[in-house]
Amino acid sequence: MTRDDELQLLVAGAADLGLLLDAHQGETLLRIVDELETANAQFNLTAIRDRPGMLRKHVLDSLSLQPYLKGTRLADVGTGAGFPGLPLAVVNPTRHFSLIEATGKKARFVAQTAQRIGCNNVEVVHARAETYRPFELFDTVMARALSSLADFVAYAGHLCTPDGRLFAMKGKRPDEEISAVPKSFRVVAVHRLKLPGLDAERHLVELSPARPESFRRHAAGP
């Protein structure tokens, strides 16, 4: 597959997701894969080694969140090699992304990659999410295939604004996990995602902080 073929795969896949990529964004996304491919030769960042697989299962999978993002401050919890946060930052240059990663080598890779591709709206936070206390909370807090929904709420719920959203990227619809979500959060929706070029199931669970009963009564009026 030539680089032009790869660019076409990205542009066509993004269009299927309702996202129009310009040439600069497409090339920048390819450079993320370049960096990942090089780093994988030194230490294991991802089990996916082939470039078409990286483009579909990392880059396009990340971009499938685009229609659901809220606000201007976004956090990617357990970003790993930078997904989904880094591709989303490329196509949302006016939004600020904090990519949170506890593993040093992964945090360093993401910071280095963001710098090399000129992604100035990215901050890499080398920390565990449960101990991270940002100066400002986030409108969107996302995680990809990281843990159960209950655990996600437990260690990342405090990062979310009262009107914000938690987004958990999952494979099959996690009905058992949904039933175990703590009462401090509620499930707003479960979105079925269709990933271009892949038949595998993808779901996005959208959660929001549960408002205190007193606040709901006040908001509803007498």
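Arginine 51 is buried, with a relative accessible area of 14%, and in this predicted model its side chain meets that of aspartate 34 in a salt bridge, with N and O 2.9 Å apart. The two partners come from distant parts of the chain, since aspartate 34 belongs to helix α2 and arginine 51 to helix α3 (residues 51-63), with their positions 17 residues apart in sequence.

Aspartate 34 also forms a salt bridge with arginine 3, where the closest N and O atoms are 2.7 Å apart. This pair, too, links distant parts of the chain, with aspartate 34 in helix α2 (residues 23-40) and arginine 3 in helix α1 (residues 3-16), 31 residues apart. Aspartate 34 counts as partly exposed because its relative accessibility is 23%, and arginine 3, at 32%, likewise counts as partly exposed.

A further salt bridge joins the side chains of arginine 165 and glutamate 206, at 2.8 Å from N to O. Arginine 165 lies in strand β5 (residues 160-170) and glutamate 206 in strand β7 (residues 202-209), so the bridge ties together parts that are 41 residues apart in sequence. Both arginine 165 and glutamate 206 are buried.

Salt bridges with shared partners connect Arg3, Glu6, Glu27, Asp34, Glu37 and Arg51 into one network. Across the whole structure, the search finds twelve salt bridges, among them the pairs tabulated here.

| Salt bridge | N to O distance |
|---|---|
| Aspartate 34 and arginine 3 | 2.7 Å |
| Aspartate 34 and arginine 51 | 2.9 Å |
| Arginine 165 and glutamate 206 | 2.8 Å |

How values were computed. Residues numbered from 1 in each chain as written. Predicted model: local features only at pLDDT ≥ 70, side-chain atom pairs only at ≥ 80, totals over all residues. Heavy atoms only, no water. Salt bridge = Lys/Arg side-chain N within 4 Å of Asp/Glu carboxyl O. Helix = DSSP H or I, 4+ residues; strand = E, 2+ residues; numbered from the N terminus. Buried < 20%, exposed > 50% of the residue type's maximum accessible area, 1.4 Å probe, protein only.
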